[in-house]
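Let's take a walk through this model together, stopping at a few places worth a look. Keep the viewer open as you read.

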Amino acid sequence: MSIVTCIEDLKRLHKRRAPKMFFDYAESGSWTEQTFRENTTDFERIRLRQKVAVDMSDRSTVGHMLGEKVAMPVALAPVGMTGMQNADGEIKAARAAEKFGVPFTLSTMSICSIEDVAEHTSAPFWFQLYVMRDEDFVDRIIERAKRAGCSALVLTLDLQLLGQRHKDLKNGLSAPPKLTPTTMLDLSTKWTWGLEMLRTKRRFFGNIVGHASDVEDTGSLMKWTAEQFDLKLDWEKVRKIAAKWDGKLILKGILDADDARKAVECGADAIVVSNHGGRQLDGALSSIRILPSIVREVKGETEIWLDSGIRSGQDVLKALALGADGTMIGRAWLYGLGAMGEKGVTTALEVIRKELDLTMALCGERDVADLGPHNLLVPRDFEGEWQESGARASDRATSVPA
């Protein structure tokens, strides 16, 4: 494919190039994948208002996230096992983000370690933390992120246990892949991927192996990970972690206005409206449908970002126009990485910026800061009208008007 015109083109290349288990890891949700699908299809329900005979010159997609100037209000979200999509994938993605001028977030469950990424980049990046039961490990990884110069901590709140992802279970997902007859057959058709992986030493979870006690090989790592997510994570623990970090704090996984309020009370510099890409609670509403209620609750008290479902610059524009201060993309940049490495991540960012820029112009706007509800046509029933059930709702109806 000589010309990439959209993120979908990168997705097709990614599927062709990467082993099945890793592409499926990227392109899947939990259980029936209802939320995974609606994350994208709900964007399609929102229409754009065209404006004509306006000055479209000197347009700017430049924005700010956490007070930092960015080429557009888009950050690369944390994605686990990125280095299995493309050899040294986290390093390549971080480099692409740095050159483009947008933030990169490194996952706890990355293949390249915090130190690996810091060594191969010059701009500060963000570090995403999964809270583990091993408090010593958590304390040490926070200190490692500080020493590496990470400028913000992204604390993920919606993964205290894993949602069931059928494809991962059926594929026997592991890093590196276990050599079964099925995987060996698949890998034999992905020889370019295999050659690149042979040239790197980074094939395990670099932030964990050698840093967590009792983790020495793949088998012990998978067992440790399955047992370690902290089921007791609560708002008090969030406050304690915030105090240990003592820096810019982003709370990711907010999907409820009450939780958004609690996040503000914990001192969050930004919250991320996210359902983990549809990979946790299947049946939850899409992030874009929840966004307006959270904007009404805490707008102006913390930065509000939208994650889950963004596949285009038009999606970015819709999120910003509905009140988000910024956005995060996961699969969109991962498709690019899986397709063409660092160049692919850059291509994904260029596609999104071009779509954002052109759409903004056709909507009669010259600056992303000026986007608002006046640029959209939103269905009256977009947010929905829902009945809370049970004693906790006090038998009251909850209506969220459009």
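Are Trp126 and Trp305 buried or exposed? Trp126 is buried, and Trp305 is buried as well. Please bear in mind as you look that this is a predicted model.

Let's stay with these two tryptophans for a moment. The structure holds four aromatic pairs. One of them is formed by Trp126 and Trp305, whose rings are stacked, with 5.4 Å from centre to centre and 10° between the planes. An angle under 30 degrees counts as stacked, so the 10° between these planes earns the pair that label. The pair also links distant parts of the chain: Trp126 belongs to strand 6 (residues 126-129) and Trp305 to strand 10 (residues 303-307), and the two are 179 residues apart.

From strand 10, follow the chain into the loop that leads to helix 14, where you will find Ser308. Its backbone deserves a glance: Ser308 has a positive phi of about 95°, although it is not a glycine. Most residues other than glycine have a negative phi. Ser308 has 5% relative accessibility and therefore counts as buried.

Ser308 has a counterpart to visit in another loop. His276, which is not a glycine either, has a positive phi of about 60°. This histidine sits in the loop between strand 9 (270-273) and helix 13. Because its relative accessibility is 12%, and buried means under 20%, His276 counts as buried.

Now on to helix 14 (residues 313-321), which is home to Val316. With a relative accessible area of 0%, Val316 is buried. What does Val316 touch, not counting residues up to four places away in sequence? The list is Val74, Ile310, Thr327, Ile352 and Leu356. You can also find Ile329, 13 residues apart from Val316 along the chain, with 9.2 Å between the two C-alpha atoms.

Next, look at helix 3 (residues 34-45), where Thr40 is found. Thr40 has 23% relative accessibility, so this threonine counts as partly exposed. If you leave aside its neighbours within four places in sequence, Thr40 is in contact with Gly309 and Arg311. Phe22 is 18 residues apart from Thr40 along the chain, and their C-alpha atoms are separated by 21 Å.

Here is a pair of helices to turn towards you. How do helix 12 (residues 257-265) and helix 13 (residues 287-298) pack? Their axes are 9 Å apart and meet at an angle of about 40°, and helix 12 and helix 13 are therefore oblique to each other. The crossing of these two helices is right-handed. On the helix 12 side, the contact is made by Ala257, Ala260, Arg261 and Val264, while helix 13 brings Ser293, Ile294, Glu297 and Val298.

Two charged side chains round off the tour. Arg279 lies over the face of Tyr25, at 4.6 Å from the ring centre. Lys170 is in helix 7 (residues 166-171). Lys170 counts as exposed because its relative accessibility is 74%. To place this lysine, compare it with Arg289: the two are 119 residues apart along the chain, and their C-alpha atoms are separated by 31 Å.

Terms used:
Residues numbered from 1 in each chain as written. Predicted model: local features only at pLDDT ≥ 70, side-chain atom pairs only at ≥ 80, totals over all residues. Heavy atoms only, no water. Phe/Tyr/Trp six-rings, centres within 6.5 Å; stacked < 30°, edge-to-face > 60°. Helix = DSSP H or I, 4+ residues; strand = E, 2+ residues; numbered from the N terminus. Buried < 20%, exposed > 50% of the residue type's maximum accessible area, 1.4 Å probe, protein only. Lys NZ or Arg CZ within 6 Å of the ring centre and 35° of its normal. Axes fitted to C-alpha atoms, helices over the stretch in contact; angles between N-to-C directions. Parallel < 35°, antiparallel > 145°, perpendicular 65-115°, else oblique. Left-handed = near helix turned anticlockwise from the far one by under 90°. Contact = heavy atoms within 4.5 Å.
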